[in-house]
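Thanks for coming. I have one model to go through today, and I will define the terms as they come up. Please have a look at it first.

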Amino acid sequence: MTLELTCSRPPSGFDLSVRVSPEVYIISSMRVLIATVQVPFIRGGAEIHAEGLRDALRAEGHEAEIVAIPFKWYPPERILEHVLACRLLDLTEVAGMPVDLLIGLKFPAYLIPHPNKVLWILHQFRTAYDLWDHAHGDLIYSPEGLQIRDAIRQTDSQLIPEAKAVFANSKNVARRLKEYCRVEATPLYHPPSQAEKFYCAAADDYLFYPSRLRLIKRQELVLEALARTKEPVRVRFAGGADLPAYAEELQDQTRRLGLRKRVEWLGHVSNEEKIALYAQALGILYTPVDEDYGYVTLEAMLASKPLITCTDSGGPLEFIRSEENGLIAEPQPAALAEAMDYLWAHREQAKRWGQEGRASYERMSITWPSVIRKLLS
């Protein structure tokens with residue numbers, strides 16, 4: 001398959017075959033596989049990321065498919081079995097046709113061997129790294145946890161450098177790769193899904209927290225903070241729960257704190273509903289523990305809404321500047337309550353911060369074509 005492109009000079013990142021004239025080039029398309037993992041029935045940012053990459057490759061004239069490996073992380077011994085399974089896979093060709101490029105995204109799928117492999121790492125297996133001795137980690141409690149942790153770290157350190165290039169989803173992910181595995185990775189940002197559809201409308205009386213309900217996203221911290229606010233702050237949460245028990249805990253906490261009239265649990269919402277909720281919010285809340293990247297941050301900026309996040313929230317801190325396009329609070333209920341109160345009481349300021357957020361997003365030129373050029377260069 002070939003694609004004809006008219007231009008004054010050949011674009012970077014492509015295999016140029018035949019030059020037809022000073023103005024016309026014939027560009028060979030590539031057959032690209034995107035390697036990731038999938039926990040059945042769970043859909044989040046990683047799945048959206050893989051689909052966005054596939055669609056962007058296709059838009060540039062390449063053949064692209066996602067290879068999603070089913071992943072089960074418990075009991076912990078199964079993790080190393082998954083690693084072995086990935087190392088035994090042969091994705092060099094499919095039905096007699098060569099695969100020109102393999103792009104690895106998630107552990108352990110990014111360990112699949114291929115002679116022309118590029119990694120764009122979303123995150124490693126975090127309970128073997130930054131979450132090893134964290135309150136949200138579980139591997140540490142396994143009798144074989146230490147040995148499995150060391151095996152994962154050794155495997156990553158030895159096999160990630162097989163790739164001809166290593167990119168990271170964010171500076172935060174690149175920092176972890178350097179700190180734990182001594183692997184240099186280039187941060188590479190990409191836009192959230194349907195970025196062009198986000199818009200800003202007049203602010204209604206609520207703050208919006210769009211995210212799957214998970215302990216690591218700390219919705220319970222927001223509830224504790226809300227109970228301490230002096231202003232009549234209201235919060236709308238959107239997103240399903242990975243574990244039904246956590247959703248029940250949040251509902252119980254809402255009742256216990258007397259917040260039922262100030263909190264809405266919207267569950268899963270459509271993309272159109274989500275974009276409208278962004279547009280009409282006074283501001284956006286996003287308080288995860290050391291997030292890898294975080295679409296919520298970029299979506300808030302696209303919707304011209306200020307973001308409230310925490311000093312230990314990781315990825316959002318690469319984009320949010322406190323009192324310029326949002327607020328950064330300590331991950332304590334009192335500090336977060338103060339930030340929520342301030343935004344609620346200073347709406348013109350919130351509007352200006354949101355506008356600056358949109359402007360700063362535009363200045364960064366985060367686009368899929370630029371991502372594809374870098375991955376294929």
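Ile284 stands opposite Leu307 in S16. Helices and strands here are DSSP runs, H or I of at least four residues for a helix and E of at least two for a strand, numbered from the N terminus. S15 and S16 run parallel and are joined by 2 bridges. Two strands pair if DSSP finds at least two bridges between them. On S12, Phe208 has Ile284 of S15 as its bridge partner. Strand S12, residues 207-210, runs parallel to strand S15, residues 283-285, and 2 bridges join them.

Before going on, a note on what this is. It is a predicted model, in which local features need pLDDT of at least 70 and side-chain atom pairs count only at pLDDT 80 or more, while totals for chains, interfaces and linings use all residues. Residues are numbered from 1 along each chain as its sequence is written, and side-chain values use heavy atoms, with hydrogens and water left out.

Back to the strands. What is the order of the strands in the open sheet? The sheet has 6 strands, in the order S14-S13-S12-S15-S16-S17, and the pairing is parallel. Strand S14 (263-265) and S17 are at the edges with a single partner strand each, so one side of each has no neighbour in the sheet. From one strand to the next, the twist averages 20 degrees.

Now S16 on its own. In a regular strand, side chains alternate between the two faces of the sheet. S16 has both faces covered: Leu307 and Thr309 are buried on one side, and Ile308 and Cys310 are buried on the other. Buried means under 20% relative accessible area, exposed means over 50%, and partly exposed is in between, with a 1.4 Å probe and protein chains only.

Just before S16 there is a loop from helix H8 (295-302), and Ser304 lies in that loop. Ser304 has phi near 60 degrees, a positive value in a residue other than glycine. Is Ser304 buried or exposed? Ser304 is buried, because its relative accessible area is 15%. Ala95 also has a positive phi, near 55 degrees. Ala95 sits in the loop between strand S6 (93-94) and strand S7 (97-98). With 79% relative accessibility, Ala95 counts as exposed.

Next, the helix over the sheet. H9 lies across S12, strand S13 (235-238), S15, strand S16 (307-310) and S17, and runs at about 165 degrees to S17. Axes are lines fitted to C-alpha atoms, for helices over the stretch in contact, and angles run from 0 to 180 degrees between N-to-C directions. Contact means heavy atoms within 4.5 Å.

H9 also takes part in a pocket. The second largest pocket holds about 150 Å³ of space. On a 1 Å grid over the protein atoms alone, a pocket is an open set of points with protein on both sides within 12 Å along at least five of seven lines, a cavity is a set where a 1.4 Å probe fits but cannot get out, and lining residues have an atom within 4 Å of a point. Grid points are joined across faces, edges and corners, and a volume is the space filled by probe spheres set on the points.

Which elements give two or more residues to the lining of this second largest pocket? They are strand S17 (326-329), helix H9 (333-345) and helix H10 (347-364). H9 gives the most, with 4 residues. The lining residues of this pocket include Leu327, Ala335, Tyr342 and Trp353. The lining divides into 7 nonpolar, 2 polar and 2 charged residues. Ala, Val, Leu, Ile, Met, Phe, Trp, Tyr, Cys and Pro count as nonpolar, Asp, Glu, Lys and Arg as charged, and the others, Gly among them, as polar.

As for closed space, the structure holds 1 cavity of 30 Å³ or more. The largest cavity has a volume of about 40 Å³. Among its lining residues are His123, Tyr129, Asp130 and Arg176.

One residue before S12 is also on my list. Asp204 is in the loop between strand S11 (186-187) and S12. Asp204 touches Gln280, Leu282 and Arg347, leaving out residues up to four places away in sequence. Asp204 and Gln280 are 76 residues apart in sequence, and their C-alpha atoms are 5.5 Å apart in space.

Last, two cis peptide bonds. One runs from Tyr74 to Pro75, with omega near -10 degrees. Another runs from Phe107 to Pro108, with omega near -5 degrees. That is the end of my list.
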